[in-house]
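Student: Could you take me through one part of this model closely, namely the place where its two chains meet? I would like the cut-offs along with the values.

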Amino acid sequence: MNPVTSDAVLSVRTLTKEFTNPEGTVFTALGGVDLEIMPGEFFILLGPSGCGKTTLLRSIAGLEQPTGGEIWLGEERIDELPPFKRKVNTVFQAYALFPHLTVRENISFGLEMEGKSPRSAEVQTRVSEMLELVGLGEFGKRKPHQLSGGQQQRVALARALAKRPSVLLLDEPLSALDLKLRREMRAELKRIQVDAGITFVFVTHDQEEAMSMGDRIAVLNKGTIAQLGSPRELYGSPVNRFVAEFIGEMNFLTATGNADGAMTAGGTHLPAAAMIEPIPEGESVTVGVRPEHLRAVDRGPINGRIVAVQFLGTDVRLCLRLGGDEEVWARVSLDYEGPTALGSEVSLAPTERSVRVVRP
Amino acid sequence: MNRSHVGSTIEEHAARPRHISWRRPGTASPWLAAPAIIIGVLFVGVPIVIVIVYSFMSRAPGGTGVAWPVTFENWQRLLFEEDFDGNRFFNPQYLIVLWRSVWTAALTTALTLVLAVPAAVWIATRPPRLRSLLVLAATIPFWTNTLIRTYAWMILLNDQGIVNAAIQAFGLDPLALYPSLFATVIGLVYVFVPFMLLPIYTSAAKFDFRLAEAAYDLGATRLRVVTRVLLPSLRPGILAGCVLVFVPALGAFIQPMLLGGAKVDFIGTIIQRQFKESQNWPFGAAISVALLALTLIALLIFAVGSRRLAAQGEKARLL
């Protein structure tokens, strides 16, 4: 079969993967996934645990045999090749560095497997380049156990990049690091990706990580792609409640359309101007509004009592209980001077075109 | 709580230190080890000294025990022989036996290694419950006496044994399997395989198979994954297994005696003969000490190997 003509460096076509449990029940890890990943892209596979993102990555690497579908690397169909014949390399979640080899030997391992002598000038130069790239110039003679988690992570990256793969696969590589290091590594990974000019496919369950690094993000849910787009698109126009909940934060309310906007189940009026799309009169839908789109005002349409306050440094978050049992979170700026005591009344107004209808 | 109050409590604590009956983990009492140390000194240290002393004594008139005077004759006999005229000439007889024992032990070690590594890796990759069953199965041979198990091989390998019966059933000539060096090695390998299997299994069980995945991902073929990643990770177990097999195989005497038909000498059989049939305790002691020295050299070689492992960051040091 010929590849569909496209510029994609990696194409995944209707890929399926089913596992049969010992009890005989079939679990669908991937239910027909289609992806086109472009050269030089920082592509993110995002989803909660069990959504199939790691299975997808491992299928591309060849460590998992898909049940159906095709995987193309450029012009070459790779889904039936053993992992050592695929021009993709993986950075593993637990790094999987070889404990008996030094950092340099770890990095040259892949080149050695291509039949190159580890002592050759070519290999030694490449290893030094990789060490420089990940900022570990002086650590070449160390053993993995003599390095910190962050340093081991960089070695794993250097080892996979040394082979100059067409696509680099990264399986939650930052999840074992502490928060501060993780933030640093995001910028660092992005820099390395641009410097090396290699396509990255990055698996994560952390939406902040995904948003901060990804050129495009595929949100996976239960083995299928819920939405694919740039971070801005996903945040600005989530296609369904799953994506809206997973990317950023959102308040969800049940509302019924009326002549001048909508009325929530708890009796709060949402003005028509706040709606991204009008709700047909009499129709009951779920609407969503992001906390940062709710401003504290003197007299607004949304009124409630404070039930929780979170001071986050950059802004303050208030949780209000409205009529009925409805609760909404609002992010108000630091110069907010209204009441913050629990139980005090606050009035909020949604910004224009900020309330959207969310499909289940 | 105000400042002065905090200060006063600290002073109170400093004034009368509290006594807590508690031992920090990792600081066990030396007295707990005393029984083992006393047994070790009395029943290992002292006998070794006695054997060394005996090797410099003369043969007792009755044959049992030793007698004065102190002599180096026993040690000379290991390498030289005197004829009736008192001329001394080099006699490699015992060196040959020594060498035979060394290479037989080495061959036994190599064969058990080849058998144990794949089996250990296979067991280590089974589901946990099956794994413990298989490990238990590997220890079943220990439930029966070595002597009985060696006799079993005599029955299997002799001219009318099952093996030869099977060979003849195919219309082939029977093989002289027993007694022979071949039978000796079979007997040794059979007895020592568990000693190789168990330590290697311990290493294999700790092996992170994600490392193998990483190696495949980096372009390693199956063979390369085994030689470059799996075997180096099994090294501590392999080293321990080699010590546990090589050292006792070097001094083995049951298998050479029963399966080798006592026609081919080994260090173990010679020592045994000096103390029984030949009734020459001092010479037996000298050969024993020579074997001890040889064993120490072998251990030293393994120790150097394990020190290199330790330098490579392996946690477990063998010696």
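Student: To set the scene before the close look, how many helices and strands does the secondary structure of chain A come to?

Tutor: Happy to help! This is a predicted model, so to speak plainly about its limits: local features need pLDDT of at least 70, side-chain atom pairs count only at pLDDT 80 or more, and totals for chains, interfaces and linings use all residues. Residues are numbered from 1 along each chain as its sequence is written, chains are lettered from A and ligands numbered from 1 in the order in which they are written, and side-chain values use heavy atoms, with hydrogens and water left out.

Chain A has eight helices and 20 strands, taken as DSSP runs numbered from the N terminus (helices H or I, at least four residues; strands E, at least two). Its C-alpha atoms fill a box of roughly 75 × 50 × 45 Å along the principal axes. Of the 360 residues of chain A, 51% count as buried, that is, under 20% relative accessible area with a 1.4 Å probe, protein chains only.

Now to the meeting place. Chain A brings 25 residues to the contact and chain B brings 18 residues, where contact means heavy atoms within 4.5 Å. About 2,000 Å² is buried between chain A and chain B, with 60% of that given by carbon and sulfur atoms; buried area is the accessible area (1.4 Å probe) that two parts lose on being put together, summed over both. On the side of chain A, the residues that lose the most area to chain B are Phe84(A), His100(A) and Met113(A), together 31% of what that side buries.

Next, the charged and polar pairs. The rule finds two salt bridges across the interface of chain A and chain B, each a side-chain nitrogen of Lys or Arg within 4 Å of a carboxyl oxygen of Asp or Glu. Arg58(A) and Glu213(B) meet through their side chains in a salt bridge, at 2.6 Å from N to O. The elements of chain A that each supply at least two residues of the side touching chain B are α1 (53-61), β6 (88-91), α2 (103-112) and α4 (149-161). Sorted by class, that side of chain A has 15 nonpolar, five polar and five charged residues. Here Ala, Val, Leu, Ile, Met, Phe, Trp, Tyr, Cys and Pro count as nonpolar, Asp, Glu, Lys and Arg as charged, and the others, Gly among them, as polar.

Notes
Buried means under 20% relative accessible area, exposed over 50%, partly exposed in between (1.4 Å probe, protein chains only).
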